Amino acid sequence: MNSKVYNWGILGAGHISEKFVAGLKTLENASCYAVAARDLNKAENFAAQNGIQKAYGSYKEMLADDNVDVVYVGTINTLHFEHVMMCLEAGKHVLCEKPFASNYEQVILMTDKAREKGLFLMEALWSRFLPSVNKFKNILESGKVGEPALLRADFGFKAEYKETSRLFDQKQGGGSVPDIGIYPLFLSLFLFGYPTEIKVLSEQAPTGVDMTTAVILKHRNGVISQLTSTFACNLDTEATIYGTNGKCTLKRMFHMPTDLEIVTPENKSCESFEIKCNGYEFEAEEVMHCLDNGLIESPKLTHDFSKKLIKLIDEVLEKCKL
């Protein structure tokens, strides 16, 4: 059992922060200590509803609190860079919601600053720490479904079109690729590494962000990844590895805690995984484990991995414009 209890500051009082706090509250070595929003009433309401001790009406005010050990950044995509740098300058360890930043250059600056300050920094890509996703990779590596040939992963839902919605507004980092396409792209990178070839077809929304995007990646080992994201319709939102001796599928909403199905010529099986709350607790556990051991990055989700992921997103988005 860890001896230290970490006081968490929550930067941003939106829906994603609420989910993270729910997971955080299940961990004995975590204290939901403070929340900050640009509006004090919003912060106070969030604190009251989620059992948080202190509420601040400005981010800098919370960051000046010496009792805050580590900060979760849960603001909109385009503000991640600004807020992470603010936290690091204030001497706070940081877990920042995905996507890590708006582009590759920003991620370089963030990770360099964390190293300069000797502070922990990690992208909150919660799927990386889910038991179902890790078992998915273990099955691939075990050869249970033979040699991998194809990964097919998609994420899509029908979103009401509004120009001012964060999903469709360029100024808020909208588009299906950075918002939900990151999950299929993450899975491909996690399983097979950076691709040697990238093909993209995309249909844009009237605001200029991508509405639907199909990505085909070729990897060094000959594996092909077929990845799709969309706000135009509901997709299965599953991920399947097809191998020479069967297939393995992360069932619906594959990026979340879910069931895993294995089908071979000899057998078909399905496995479920135990979680404490909603799955966000696993990434928080990793952060505190790393802090206990004096690390400034997670060996399971390194700065280098996040750099590769944002570089891949940048390349896909550039090809969306062609």
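A cavity is a set of grid points where a 1.4 Å probe fits but cannot get out. In the predicted model described here, the structure holds one cavity of 30 Å³ or more, and about 50 Å³ of space lies in the largest cavity. The residues that line the largest cavity are V177, G181, P184, L185, T213, V215, L227, T228, S229 and V316. Three elements, namely α7, β9 (210–218) and β10 (224–230), give two or more residues to this lining, and of the contributing elements α7 gives the most, with four residues. When the lining of the largest cavity is divided by class, six residues are nonpolar and four are polar, while no charged residue is found there.

The open pockets were examined next. For the largest pocket, a volume of about 800 Å³ was computed, and among the 33 residues that line this pocket, H15, I16, G74, E97 and R166 are the closest to its centre. Helices α1 (15–24), α4 (80–89) and α7 (176–192) each supply at least two residues of the lining of the largest pocket, and α7 is also the element that gives the most to the lining of the largest cavity. By class, the lining of the largest pocket is made up of 14 nonpolar, eleven polar and eight charged residues.

The second largest pocket has a volume of about 490 Å³, and of the 21 residues that line the second largest pocket, those closest to its centre are S102, G173, G174, P178 and L317. Helix α9, which spans residues 303–320, gives the most to this lining, with six residues. The lining of the second largest pocket divides by class into eight nonpolar, nine polar and four charged residues.

Attention was finally given to a single residue, S132, which lies in helix α6 (residues 131–142). The relative accessibility of S132 is 1%, and S132 therefore counts as buried, because the term buried is applied to values under 20% relative accessible area. When residues up to four places away in sequence are not counted, S132 touches L250, M256, P257, T258, L260 and F273.

Technical notes
Residues numbered from 1 in each chain as written. Predicted model: local features only at pLDDT ≥ 70, side-chain atom pairs only at ≥ 80, totals over all residues. Heavy atoms only, no water. 1 Å grid on protein atoms, 1.4 Å probe; cavity = no way out; pocket = protein on both sides within 12 Å on 5 of 7 lines; lining within 4 Å. Points joined across faces, edges and corners; volume = space filled by probe spheres on them. Nonpolar A, V, L, I, M, F, W, Y, C, P; charged D, E, K, R; others polar. Buried < 20%, exposed > 50% of the residue type's maximum accessible area, 1.4 Å probe, protein only. Contact = heavy atoms within 4.5 Å.
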